Amino acid sequence: MSTRAASRPVGTVTRGTTNPNRLRRMDRWIAAVHGAELRRTTDPVAVDLGYGAAPWTAVELLHRLRTTAPRTRVVGVEIEPARVAAARPYAREGLVFRHGGFEVPVPGRPCLIRAANVLRQYEEGEVADVWVRLCARLSPADPATGSRGGLLVEGTCDEIGRRHVWVALGPEGPRTVTFATRLGSLDRPSDLAERLPKALIHRNVPGEPVYAFLRDFDRAWAAAAPYASYGARQRWIRTVRRLTADWPVTDGPARWRQGEVTVAWGALAPRA
């Protein structure tokens with residue numbers, strides 16, 4: 001990442017490509033797994049970091065999070081001033097837009113930072129520093145209340161949100177990797193490889209854990225072919241059940257039915 005003056009936003013301008021409903025899979029997952037944390041927080045602030053040329057994703061994030069945590073406020077942050085100016089007419093109660101970057105220019109420490117399709121243009125070697133910077137901005141864990149602290153969700157999806165892979169990180173660092181897809185569009189699970197986040201996409205080569213995982217995923221999918229007659233959802237569920245024998249899958253059938261599977265980060269982390 002380029003060194004910049006302290007008064008200037010940290011980061012570079014992205015392409016800004018965005019579409020309505022593009023991040024629905026990520027939003028639904030956040031609401032399901034992080035909703036309790038948002039509800040218990042006194043002032044639940046969520047940041048849509050790098051929302052792009054139009055504010056749709058920030059507007060949708062507010063709506064989806066408020067269904068599970070009604071007090072949530074969303075701050076859309078963009079490094080391109082013209083995008084901030086264009087988004088401000090969409091501000092409303094609970095939603096504001098600010099100029100900024102990886103420094104995350106919001107008061108206090110947010111309970112959620114979502115950075116979707118932001119790091120894809122960066123070099124792999126830059127990702128770790130960005131993660132550290134963003135995790136340091138999250139609300140801290142509080143053992144007295146059972147809080148695990150804030151959540152950073154960073155990942156990549158296709159243009160209309162059919163395929164998406166993201167990493168979830170807490171104040172302590174990476175926790176999990178989630179693969180999510182519209183099952184009807186899937187030929188085989190390794191189709192998701194093209195949407196791996198920057199930290200993993202160049203590691204999909206023999207000898208790396210993520211390569212082995214996707215190989216096993218495809219094999220389990222092939223073995224579950226007889227279940228295709230019951231629909232893609234049943235085949236996916238059977239596939240993930242097979243994966244649990246060899247991989248630390250952290251979620252269960254309720255999420256698998258949504259076309260998701262979440263795996264512990266340590267099992268897929270790049271080799272040193």
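Which residues form one aromatic cluster with Phe 217 and Trp 236? In this predicted model, the other members are Phe 179, Phe 213, Trp 221 and Trp 247.

Confidence comes before detail. The mean pLDDT of the chain is 94, and 97% of the residues score at least 70. Residues 1-6 have a pLDDT below 50, and in the model this stretch makes 9 contacts beyond near neighbours in sequence. Where pLDDT is low, predicted coordinates should not be read in detail.

The aromatic pairs number 11. One of them joins Trp 131 and Trp 265, with 5.5 Å between the ring centres and 75° between the planes. An angle over 60 degrees counts as edge-to-face, and the pair of Trp 131 and Trp 265 is therefore placed in that class. Trp 131 belongs to helix 4 (residues 124-135) and Trp 265 to helix 9 (residues 265-268), so the pair ties together parts that lie 134 residues apart in sequence. Both Trp 131 and Trp 265 are buried.

The pair of Phe 217 and Trp 236 has another geometry: the ring centres are 5.2 Å apart and the planes meet at 50°, so the pair is tilted. This pair also links distant parts of the chain, with Phe 217 in helix 6 (residues 209-223) and Trp 236 in helix 7 (residues 232-243), 19 residues apart. Phe 217 has a relative accessible area of 0% and is buried. Trp 236, likewise at 0%, is buried. Both residues belong to the aromatic cluster named at the start.

Next comes the internal space. The model has 1 cavity of 30 Å³ or more, and the largest cavity holds about 110 Å³. Its lining consists of 15 residues, and those nearest the centre are Thr 12, Gly 50, Ile 79, Phe 102 and Val 118. Sorted by class, the lining of the largest cavity comprises 7 nonpolar, 6 polar and 2 charged residues.

The last site to consider is Arg 195, in the loop between strand 7 (173-181) and helix 5 (198-201). Is this loop residue buried or exposed? Arg 195 has a relative accessibility of 13%; because the limit for buried is under 20%, Arg 195 counts as buried. Outside its neighbours within four places in sequence, Arg 195 is in contact with Arg 120, Thr 156, Cys 157, Asp 158, Glu 159, Arg 163 and Val 165. For Asp 158, which is 37 residues away along the chain, the C-alpha separation from Arg 195 is 7.0 Å.

Conventions: Residues numbered from 1 in each chain as written. Predicted model: local features only at pLDDT ≥ 70, side-chain atom pairs only at ≥ 80, totals over all residues. Heavy atoms only, no water. Phe/Tyr/Trp six-rings, centres within 6.5 Å; stacked < 30°, edge-to-face > 60°. Helix = DSSP H or I, 4+ residues; strand = E, 2+ residues; numbered from the N terminus. Buried < 20%, exposed > 50% of the residue type's maximum accessible area, 1.4 Å probe, protein only. pLDDT = per-residue confidence, 0-100. Contact = heavy atoms within 4.5 Å. 1 Å grid on protein atoms, 1.4 Å probe; cavity = no way out; pocket = protein on both sides within 12 Å on 5 of 7 lines; lining within 4 Å. Points joined across faces, edges and corners; volume = space filled by probe spheres on them. Nonpolar A, V, L, I, M, F, W, Y, C, P; charged D, E, K, R; others polar.
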